[in-house]
Amino acid sequence: MIQTGFILVDKATSVECGRWVQSNVPNPLILPTGDHICGGVYPWENDGYRLDPIMADPPVPDITKRQAVIYLASIGKTEADVLAAIATIPDATQRVAAQAAWNYPDGGVMHRSHPMFDQLGSAIGITNMDAAFTAASQL
């Protein structure tokens, strides 16, 4: 998990009073009471409010085709396994789109958000595609 921002919470009611991304926390931060928090000291808490971090999963990295092929080898798969899975896609347009995405990645980069990866992952035995992309990005 990584910190992506802060949320201001009324401690008595647990109601959210404000939300900021990491780089946009105002300084000073003016509370609903008119009090100020100065100096960028976060997380912060007083008698009535607390400023909690907003945590999120880190983004799934993009990978190159080279990294994808090396990752496949590390799990006992080959590029031929991917191509065989693509060949089983029944819709011709989707099949051609998947072939193009695999053979000619956008700017040399494979984006996890491409819908083909979920379909192909399950076809070749990858159950957690986010983890696969993260592992491949380290190769």
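**Notebook: sheet, helix α2 and two cores**

I started in the sheet: Gly-5 has Val-21 in β2 as its bridge partner. A note to self before going on: this is a predicted model, where local features need pLDDT of at least 70, side-chain atom pairs count only at pLDDT 80 or more, and totals for chains, interfaces and linings use all residues. Residues are numbered from 1 along each chain as its sequence is written, and side-chain values use heavy atoms, with hydrogens and water left out.

**Entry 1, the sheet.** I looked up the strand order and got β2-β1-β6-β5, an open sheet of 4 strands with antiparallel pairing. β2 (16–21) and β5 (44–45) sit at the edges with a single partner strand each, so one side of each has no neighbour in the sheet. Pairing here means that DSSP finds at least two bridges between two strands. Helices (H or I, at least four residues) and strands (E, at least two) are DSSP runs, numbered from the N terminus.

**Entry 2, around β1.** I then followed β1 (residues 2–10), which pairs with β2 over 5 bridges, antiparallel. Ile-7 has Arg-19 in β2 as its bridge partner. With β6 (residues 49–56), β1 pairs over 8 bridges, again antiparallel, and there Leu-8 is matched with Leu-51. The β1–β2 connection is a hairpin with 5 residues between the strands, and Ser-14 in the turn has a positive phi of about 60°.

**Entry 3, helix α2.** Next I checked which residues of α2 (residues 79–87) are buried, and found Val-82, Ala-85 and Ile-86. They span an arc of only 100° around the axis, which puts them on the same side of α2; the arc is taken from the directions from the helix axis to the C-beta atoms. The face turned away from that side carries exposed Ala-80 and Ala-87. My cut-offs: buried is under 20% relative accessible area, exposed over 50%, partly exposed in between (1.4 Å probe, protein chains only). The buried residues of α2 pack against α1 (65–74), α3 (92–103) and α4 (116–124), with contact meaning heavy atoms within 4.5 Å.

**Entry 4, the cores.** I pulled up the largest nonpolar core, which has 21 residues; Val-82, Ile-86, Trp-102, Met-110, Met-116 and Ile-126 touch the most other members. A core is a set of buried Ala, Val, Leu, Ile, Met, Phe, Trp, Tyr and Cys residues joined through side-chain atoms within 4.5 Å. α1, α2, α3, α4 and α5 (129–137) each give two or more residues to this core. Apart from it lies another core of 7 residues, including Phe-6, Trp-20, Leu-31 and Tyr-49.
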